[in-house]
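Trainee: Please choose a single part of this structure and take me through it closely, giving the meaning of each term as it comes up. I would like to see how that part connects with its surroundings.

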Amino acid sequence: MRFLILLLSISCLTLSDVYAKVNLFICGTEGNDLVKLLKANGVEFGLYNNILDAVKKAPRHSGIMVLGSDNSARTAVTDEVYRIAIKKNVL
C-alpha cells in the first residue's frame with residue numbers, strides 16, 4: 001500500500017520537481033560507476049570520501065549511499081556515525 005501511495009505521489013510531480021527535492025549524499029569516489037551515471041544524468045548530490053563527514057554534513061531527513069570502491073570493499077560504520085544518523089533521521 002505504501003509503495004502504491006509513493007508511486008502515485010511521484011507520478012504527480014514533474015521530473016524537475018523530483019530533482020529539485022533530491023537530498024542525496026554519497027560516500028564513495030569519483031570513479032564509482034554509479035557516481036559517474038548520476039553525474040551524467042544531471043542528478044545533484046554531495047560526494048564525500050568519509051562516511052562520518054557525509055553524515056555530519058547531510059541535512060536532516062536526507063539519504064546517504066555508502067559505496068565501496070569495489071565489490072570486496074567494506075566500510076566500517078562507527079557508533080558515532082549511527083548516533084548522528086539517528087539524531088538527524090538520515091537514512
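Mentor: A contact, as the word is used here, is a case of heavy atoms within 4.5 Å. With that in hand, I would start from Ser-62, which touches Asn-23, Phe-25, Asn-89, Val-90 and Leu-91 when residues up to four places away in sequence are not counted. The model is a predicted one, in which local features need pLDDT of at least 70 and side-chain atom pairs count only at pLDDT 80 or more, while totals for chains, interfaces and linings use all residues. Residues are numbered from 1 along each chain as its sequence is written, and side-chain values use heavy atoms, with hydrogens and water left out.

Ser-62 sits in the loop between helix H4 (51–57) and strand S3, where helices (H or I, at least four residues) and strands (E, at least two) are DSSP runs numbered from the N terminus. Ser-62 has a relative accessible area of 3% and is therefore buried, a word that stands for under 20% relative accessible area, with exposed for over 50% and partly exposed for what lies in between (1.4 Å probe, protein chains only). The side chain of Ser-62 reaches the backbone oxygen of Pro-59 at 2.6 Å; this is a polar contact, that is, a pair of N or O atoms within 3.5 Å, of which, within protein, one must be able to donate a hydrogen and the other to accept it, residues adjacent in sequence counting only if both atoms are side-chain atoms.

In the loop between H4 and S3 there is also His-61, which takes a positive phi of about 65 degrees although it is not a glycine. His-61 is exposed, since its relative accessible area is 53%, whereas Ser-62 is buried. Asn-89, one of the residues that Ser-62 touches, likewise is not a glycine and has a positive phi of about 55 degrees. Asn-89 belongs to the segment after helix H5 (79–88), and because its relative accessibility is 38%, Asn-89 counts as partly exposed.

Another residue touched by Ser-62 is Phe-25, and Phe-25 leads us into the sheet. This is an open sheet of three strands in the order S2-S1-S3 with parallel pairing, two strands being paired if DSSP finds at least two bridges between them. S2 and S3 (63–66) stand at the edges with a single partner strand each, so one side of each has no neighbour in the sheet. On average, and with direction ignored, neighbouring strands of this sheet are turned by 20 degrees against each other; the axes are lines fitted to C-alpha atoms (for helices, over the stretch in contact), and angles run from 0 to 180 degrees between N-to-C directions.

S1 pairs with S2 in the parallel sense over three bridges and with S3, also in the parallel sense, over four. Ile-26 stands opposite Leu-47 in S2 and opposite Met-65 in S3, and the bridge partner of Phe-25 in S2 is Gly-46. In a regular strand the side chains alternate between the two faces of the sheet. Both faces of S1 are covered, with Leu-24 and Ile-26 on one side, Phe-25 and Cys-27 on the other, and all four buried.

What does a search of the whole structure find in the way of aromatic pairs? It finds one, where rings of Phe, Tyr and Trp (its six-membered ring) pair if their centres lie within 6.5 Å, and planes under 30 degrees apart count as stacked, over 60 as edge-to-face and the rest as tilted. Phe-25 and Tyr-48 form this stacked pair, at 6.1 Å centre to centre and 25 degrees between the planes. The pair links distant parts of the chain, since Phe-25 is in S1 (residues 24–27) and Tyr-48 is in S2 (residues 46–48), 23 residues apart. Phe-25 and Tyr-48 are both buried.

Leu-24, on the other side of S1 from Phe-25, brings in one further residue. Val-43, in the loop between H3 and S2, is 19 residues from Leu-24 in sequence and 9.1 Å from Leu-24 in space, C-alpha to C-alpha. Because its relative accessibility is 13%, Val-43 counts as buried.

For the wider setting, the protein has five helices and three strands, running α-α-β-α-β-α-β-α from the N terminus on.
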